[in-house]
Amino acid sequence: MAKSMALNGLARTKLLSRLKTDGKFTVAANLRDELEDRLVAMRQETVSHPLGNPVLELAHDLSERLASGQITTDSLSQLVQLVSVEAFADRAERVGEYVGIAEIDENKQKLSSLFKKIASDDKAKSGLVSFTEYQARIEREAFGIVITAHPTFGLTKEHYQALAQLISNETTSGGELSSAEIDTLSDLVIDQSHEPDQTIDLLAEHAQALKAIESIQQAMREIYDVALNVASDLYPESWTELSPRILSVASWVGYDLDGRTDITWATTLHTRMKVQVVQLRYYISALSKIMSECETDQDELGTTLALMKSRITLALHVAEKETGFFGETGTSDEALKEVSRTIVSDDGARLVHTVELIESLNRAVSLTENDALKRSLIILRSEIANYGLASSHMHVRLNSAQLHNAIRKSIGMEGEPDDPGRRRGNFRALSNLLDEVQPTRINFGSLSAEHTTAKRMFMLIAQIIKYVDASRPIRFLIAECDTPFTILTALYYAKLFGIDDLLDISPLFETGTALERGSEVIAELLDNDHYRAYVQKRGRLCIQTGFSDAGRYLGQVSASLAIERLHMKLARLLADQKLTNVEVVIFDTHGESMGRGAHPVSFQDRLKYVSSPMTRSLFAKNSIPLKQEVSFQGGDGYLYFGTPKLALTTVTRLLEHALGTPEVDENDPFYTNTDYSLDFFLTLKDFHETTLENKDYAALLGSFSTNLLYQTGSRKSKRQHDKLHGVDRGHPSQIRAIPHNAILQQLGYLANTAGGFGTAISRDLDAFVKLHGESDRVRRFMDMVSYAKGLSSLNTPEAYAALFNPRYWLAKAYAVKHTERARDQLRLSNLVGVTERYDGMSRMLQTYREDAIHLHSGLDALTADGQEKVFPFDTRRRINLIILHIVRLCLIQEIFLLSMRIPPFANRDDLTLDDVVQDILAMEIPAALEELKATFPVHEGQTTFTAKDYGEPSDYSDVETRDYTEEHQKIFAPIEELYDICRRVSVGISNSIGAHG
């Protein structure tokens with residue numbers, strides 16, 4: 001690992017060296033150094049000058065220097081690029097350390113030791129478990145990767161690729177980076193502004209997802225090879241019977257309909273068929289390579305492989321043709337009828353089961369004595385057994401409300417399923433439907449005609465199983481699920497459309513109520529004969545827990561603790577229910593940021609944070625098989641699979657976690673002293689739940705809403721309100737979890753991770769210090785809190801709040817009185833006061849300030865107690881973060897003041913000048929500029945009104961009154977330029993923190 005880490009450091013050092021010697025950054029570098037020196041000095045003076053705010057003061061100073069011409073917009077743009085590149089380089093180094101980047105051979109050695117440990121048994125005479133037991137362990141999917149496409153594509157795909165290569169010092173094909181290649185990557189990072197791809201759509205997301213999956217599959221081939229090498233040594237007589245599975249790969253990209261109306265059933269089918277085409281092409285390629293290794297293609301082995309290749313090729317032609325049809329838009333009913341008839345009238349070319357492929361490979365393995373060839377055949381057999389006829393397993397997702405709407409008429413349900421007085425009746429009526437349900441036949445015509453989203457999804461799954469792939473189960477995820485009625489509804493439709501044998505229904509528990517009631521929901525379902533029989537037949541029970549939304553509702557750490565409690569209750573419930581033969585699958589949807597459950601210290605800490613050792617130990621103690629799944633979301637998540645070395649390292653860390661024995665302290669006081677730990681959890685949870693309902697928190701989030709951010713994915717962030725510019729901009733829950741976290745990042749305080757802890761600690765400081773010293777669980781989440789606090793500064797959101805303080809603009813006007821700038825500032829003071837935003841933001845920040853004081857007291861008490869220092873933060877990174885905020889605060893002030901120079905215009909279409917200005921104060925710049933450019937057009941040449949055309953002459957010209965070129969040049973274009981730099985700052989901040997949202 002040391003060699004690899006040194007190479008990673010070399011790439012980063014070379015990047016920073018080129019940045020330092022690039023002459024265009026000289027002015028920016030000097031300005032950055034000046035700001036850093038002044039910031040450090042001013043922060044040291046805060047003890048004697050506690051009422052000052054260095055962030056606001058430096059932003060004000062920068063703004064005045066910009067106005068006077070001492071610095072230029074270009075120099076600020078270069079400063080943003082300079083700091084962003086440094087943040088990019090730092091991110092590369094951190095991710096390498098975080099995941100423990102290692103060479104391919106080193107990872108293989110770790111895996112070899114892991115597989116040998118799995119086979120060992122000190123009690124057995126041979127020192128080994130039986131081959132049957134080893135086979136069961138190696139062929140079981142112990143862990144799952146789920147590729148999702150949440151909007152975290154914060155960089156271009158080229159920048160993400162460069163980041164992955166700098167992390168691993170490796171090309172995309174696996175070779176070590178040459179000096180010239182590092183230079184090329186450095187030029188890309190330094191010369192191109194850091195921002196997302198401008199047209200990120202579902203197809204682009206899917207293409208990147210497929211690339212990540214391809215990289216994971218390559219890593220898995222390496223892992224299978226290691227597993228077979230170990231098995232051939234330990235079980236020389238039996239190893240060829242193995243088909244290692246170990247880890248599954250799934251995706252919901254193109255199949256996640258929760259909160260989306262832009263994905264049709266044909267889009268989903270097209271996307272699903274595309275991954276089949278990709279995988280079939282890979283199988284053909286793999287077979288061709290294996291056949292080239294055979295001594296002759298005339299013997300029985302060659303014939304067997306040739307027939308198999310021919311069979312897959314026929315299926316590929318069918319899949320390619322049908323994929324093309326469903327990829328077309330606006331397909332007519334007649335065309336659908338024609339393709340449907342073709343699909344149904346199968347001529348034997350279609351492939352929907354893998355049994356015959358597995359049998360062919362079994363035969364091929366028996367026909368060769370060449371161990372290397374056997375290994376290649378077995379690896380291919382393992383892949384087909386694992387992936388089936390697609391590059392990844394399929395996860396679909398709907399919202400619970402869509403299921404409720406579908407079943408409503410069938411049982412005469414009024415209101416919500418859990419309405420008091422109707423709950424039992426609704427549940428009984430649904431159970432009665434299940435008593436009598438019989439599978440119904442459908443075709444593509446009935447699917448196309450169905451208007452209910454939920455029923456249409458079940459029908460589509462039925463068609464996929466019939467005509468695309470019946471080899472692997474499909475996961476059916478239900479968002480916002482907090483009642484057993486919802487899961488039972490899904491089971492009814494699964495039975496109605498005859499797919500319950502291959503469908504794993506998985507409720508998502510993510511709200512406080514759902515997490516609290518989750519085990520009760522499952523318990524009530526298990527009392528239902530239909531659900532219990534379904535679970536026993538499937539041999540698995542699936543749930544999903546959401547760290548993103550739970551972190552938004554409960555705060556990140558209290559969400560983690562609530563999820564852990566649910567896991568533990570579920571383990572005890574299944575033990576009590578005597579369902580130890582049923583595998584529990586827990587899909588923990590989290591992301592790459594702290595706000596979405598990514599512990600920042602190390603990858604192992606991250607996995608232990610999401611699924612604690614105590615939870616895993618409890619399942620093992622009760623002999624309940626547990627499969628953990630985690631999500632890798634969007635560009636930030638796919639990064640971990642960007643090169644072969646990085647992908648293998650990541651998958652190795654996952655398997656070390658999943659296959660290793662959890663180290664648990666049974667006497668950890670966090671679990672034994674439940675009185676204190678429960679009080680701590682409830683205090684923390686109450687802080688965040690109260691915050692979420694606080695109108696002042698809405699004012700803070702709504703100050704700029706998502707308007708400082710680029711669009712980072714195809715799934716839209718739900719807008720709060722279009723034309724409410726004041727303090728009431730809607731409930732925070734109207735903003736999705738990832739943009740919600742991103743807003744907090746952009747305001748400079750990671751409130752849903754660091755917030756609330758001071759309040760919880762202050763209830764009993766001595767008890768907390770003692771608990772921290774004795775509890776691994778507490779130390780782990782306190783490291784996360786300390787890290788988040790280190791990347792936060794309350795001076796920063798207070799500086800943003802000051803922009804809405806009339807007194808701030810009055811003070812600025814007083815300093816430059818009798819100038820045009822003073823007149824603009826006076827007018828601005830009146831307009832920001834209308835929003836009443838400042839008072840709400842200030843009250844919320846006062847709450848956070850009080851909480852932070854208690855948090856600092858707690859952290860100081862730990863140090864005074866002689867305990868190991870809580871995870872320290874990087875001072876330089878924090879300074880660079882603050883400098884980015886200072887620059888943006890300066891730019892926003894200039895945008896605000898430029899808006900004061902917009903000429904008056906007559907009201908049109910209910911649009912007033914004040915409306916446009918309020919849009920700008922909310923940083924809704926694109927919408928405002930669109931209106932302004934339409935209102936004030938640029939004259940593009942004199943229009944003549946000749947006598948020839950109109951029958952009489954005219955000398956009138958309106959060029960002077962209609963030409964607003966000056967307004968475009970002096971107001972609109974500068975606002976647009978400043979806003980672009982503001983959003984580039986957001987990417988620099990994301991890189992500094994390590995993820996978007």
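**A walk through a predicted model**

Hi everyone! Let's begin at the very start of the chain: over residues 1–7 the pLDDT stays under 50, and for this stretch the model has 15 contacts beyond four places in sequence. A second stretch, residues 719–727, also has pLDDT below 50, with 25 contacts in the model beyond near neighbours in sequence. Please keep in mind that this is a predicted model.

What is the mean pLDDT of the protein? It is 92, and 95% of the residues reach 70 or more. Among the elements, helix α36 (residues 795–802) has the highest mean, 98, while helix α44 (residues 959–962) has the lowest, 56.

Now for a pocket. The second largest pocket holds about 1,000 Å³ of space. Which elements give two or more residues to its lining? They are α5 (104–119), α6 (131–139), α24 (603–610), α25 (613–621), β8 (626–633) and α27 (644–659). The lining of this pocket has 28 residues, and those nearest the centre are Arg616, Ala658, Leu659, Gly660 and Thr661. Sorted by class, the lining has 14 nonpolar, 8 charged and 6 polar residues.

Next, the rings. How many aromatic pairs does a search of the whole structure find? The count is 36. If you'd like a group to look for on screen, try this cluster: Phe670, Tyr671, Tyr676, Phe680, Phe757, Phe768 and Phe781.

Finally, two charges sitting over rings. Lys817 has its charged end over the ring of Tyr814, 4.2 Å from the ring's centre. Over the face of Phe804 lies Arg837, at 4.7 Å from the ring centre. Thanks for listening!

Definitions and conventions:
Residues numbered from 1 in each chain as written. Predicted model: local features only at pLDDT ≥ 70, side-chain atom pairs only at ≥ 80, totals over all residues. Heavy atoms only, no water. 1 Å grid on protein atoms, 1.4 Å probe; cavity = no way out; pocket = protein on both sides within 12 Å on 5 of 7 lines; lining within 4 Å. Points joined across faces, edges and corners; volume = space filled by probe spheres on them. Helix = DSSP H or I, 4+ residues; strand = E, 2+ residues; numbered from the N terminus. Nonpolar A, V, L, I, M, F, W, Y, C, P; charged D, E, K, R; others polar. Phe/Tyr/Trp six-rings, centres within 6.5 Å; stacked < 30°, edge-to-face > 60°. Lys NZ or Arg CZ within 6 Å of the ring centre and 35° of its normal. pLDDT = per-residue confidence, 0-100. Contact = heavy atoms within 4.5 Å.
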